[in-house]
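Dear colleague,

Please find below the structure that I am handing over to you, together with its sequence. My notes on it follow directly after.

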Amino acid sequence: MEADAAGVAGNGERGTRDALLVVHTGREATRKVASQAARRLADAGFALRILPDEYSTDEGLFDDLPEAQRPRTVTAESDAALGMEIVLVLGGDGTLLRAAELARHARVPMLGVNLGRVGFLAEADLDDLDEVLDAVVGRTYRVEERMTVDVVAHQNGTELGRTWALNEAIVEKMNWARLLDVVLEVDGRPVSEFACDGVLCATPTGSTAYAFSAGGPVVWPEVQAMLLVPSNAHALFAKPLVISPDSSVALEVSSRGDAGVLVCDGRRTIELPPGSRVEVVRGRNPVLLARLRVQPFTDRLVRKFGLPVQGWRGRRG
């Protein structure tokens, strides 16, 4: 689902414009990009905010800016992006996943400039920075919704915790010397039991991340689905499954085996004692990603993975 920027970010209509910067600090290249972005947005009338831990890791991050243009710190809590027009992310996919925790809660779009390696979630690379800033100032970007999953863990009727994921929720072993025994359930019916390193429940967005490394398929972002990808499972039937986004998934950690751990997007964890049950459903709140241009996902896939396409001759009339 897509919308234009004006239909999502309403702060500019009230005469104020606010942006949250989420920056992977500590590198000279990042300092320069962050300062350039801050100056451009401040000159355009944005009030800028930044998380305090990013100043603490690089106290001189914006020393070259006038005092009035320097971003102000906001508390690094779930409300940090509330009231923002956009969350501008400078870094790799890990930085974007950190920003997603804030942007999703506030229902604010985030736009990423990749300063890492592959950077699948980022919309642009460093060479596109001017285009990114022009789009933010002019609000010419498009906004698309990315599916998330909601996750809750129980043991013997007691809730252990609940969280969410943009990329994937993983139930994996804690004891790396032994395999984890799990039972997989879909829509209230058992599918299989096996020993494994773990099981991933991924979104289409996460299909190019950990799930891809574990042998799962690449799923186009506009396809609404959930992926179940066993990791190093010792079983005849332990292939990746693509299921309905309206299905419910449960992963049960055997009460006869070792403990496991639930990891969401590599950032949020819940320990799973033997006998725990993890339930996964489509998330109620999507993540909003800002896009600069309409382009096929195929082109992004080829570019990010450097796929060989030299022999392609295209359609003939």
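**Two residues with positive phi, and a third in a turn**

Arg139 sits in the loop that links α5 to β8 (142-146). Please note that the model is a predicted one. Although Arg139 is not a glycine, its phi is positive, at about 50°. Its relative accessibility is 18%, so Arg139 counts as buried, the cut-off for that class being under 20%.

Asn232 also has a positive phi of about 50° without being a glycine. This residue belongs to the loop between β15 (226-231) and β16. Is Asn232 buried or exposed? With a relative accessible area of 53%, Asn232 is exposed, as the class begins over 50%.

A further positive phi, of about 50°, occurs at Asn156, in the turn of the hairpin formed by β9 and β10. Two residues separate the strands of this hairpin. Strand β9 (residues 149-155) and β10 run antiparallel and are joined by seven bridges, and Gln155 stands opposite Thr158 in β10.

**The two open sheets**

The hairpin leads to the sheet in which both of its strands take part. This is an open sheet of six strands, paired antiparallel in the order β10-β9-β20-β17-β12-β13. Its edges are β10 (158-165) and β13 (189-196); each has a single partner strand, so one side of each is left without a neighbour in the sheet. From one strand to the next, the twist averages 20°. At the β13 edge, strand β12 (residues 180-186) pairs with β13 in the antiparallel sense over seven bridges. Val182 has Phe194, in β13, as its bridge partner.

A further open sheet of six strands follows the order β16-β15-β14-β11-β18-β19, again with antiparallel pairing. Here β16 (241-243) and β19 (268-272) are the edge strands, each pairing on one side only. The twist in this sheet averages 15° from one strand to the next. Within the sheet, strand β11 (residues 168-173) and strand β14 (residues 198-202) are paired antiparallel over five bridges, with Glu168 opposite Ala202 in β14.

**The nonpolar cores**

In soluble globular proteins, nonpolar side chains tend to be buried together. The largest nonpolar core in this model has 33 residues, and Leu88 and Leu90 have the most contacts inside it. Two or more residues are given to this core by each of β2 (17-23), α2 (28-43), β3 (46-50), β5 (86-91), β6 (110-114), α5 (129-138) and β21 (287-291). The largest share, six residues, comes from α2. Leaving aside residues up to four places away in sequence, Leu88 touches Leu20, Leu21, Val22, Ala37, Leu41, Leu111, Val132 and Leu133. A second core, separate from this one, has 28 residues, including Val151, Ala165, Met226 and Leu262.

**Strand β6 and its partner**

Which residues of β6 are buried on each of its faces? Met110, Gly112 and Asn114 are buried on one side, and Leu111 and Val113 on the other, leaving both faces covered. Five of the five residues of β6 are buried, so the strand is largely enclosed by the rest of the structure. In contrast to the antiparallel pairs described above, β5 and β6 run parallel, and five bridges join them. One of these pairings sets Val89 against Gly112 in β6.

**Asp43 and the end of helix α2**Asp43 lies in helix α2. With a relative accessibility of 55%, Asp43 counts as exposed. Asp43 and Val137 are 94 residues apart in sequence, and their C-alpha atoms are 9.8 Å apart in space.

**Cavities**

How many cavities of 30 Å³ or more does a search of the whole structure find? The search finds two. The largest cavity holds about 80 Å³ of space. Its lining consists of Phe120, Leu121, Arg146, Pro204, Thr205, Ser207, Thr208, Val219, Pro221, Phe297 and Arg300.

Yours sincerely

How values were computed: Residues are numbered from 1 along each chain as its sequence is written. This is a predicted model: local features need pLDDT of at least 70, side-chain atom pairs count only at pLDDT 80 or more; totals for chains, interfaces and linings use all residues. Side-chain values use heavy atoms; hydrogens and water are left out. Two strands pair if DSSP finds at least two bridges between them. Helices (H or I, at least four residues) and strands (E, at least two) are DSSP runs, numbered from the N terminus. Axes are lines fitted to C-alpha atoms, for helices over the stretch in contact, and angles run from 0 to 180 degrees between N-to-C directions. A nonpolar core is a set of buried Ala, Val, Leu, Ile, Met, Phe, Trp, Tyr and Cys residues joined through side-chain atoms within 4.5 Å. Buried means under 20% relative accessible area, exposed over 50%, partly exposed in between (1.4 Å probe, protein chains only). Contact means heavy atoms within 4.5 Å. On a 1 Å grid over the protein atoms alone, a cavity is a set of points where a 1.4 Å probe fits but cannot get out, and a pocket is an open set with protein on both sides within 12 Å along at least five of seven lines; lining residues have an atom within 4 Å of a point. Grid points are joined across faces, edges and corners, and a volume is the space filled by probe spheres set on the points.
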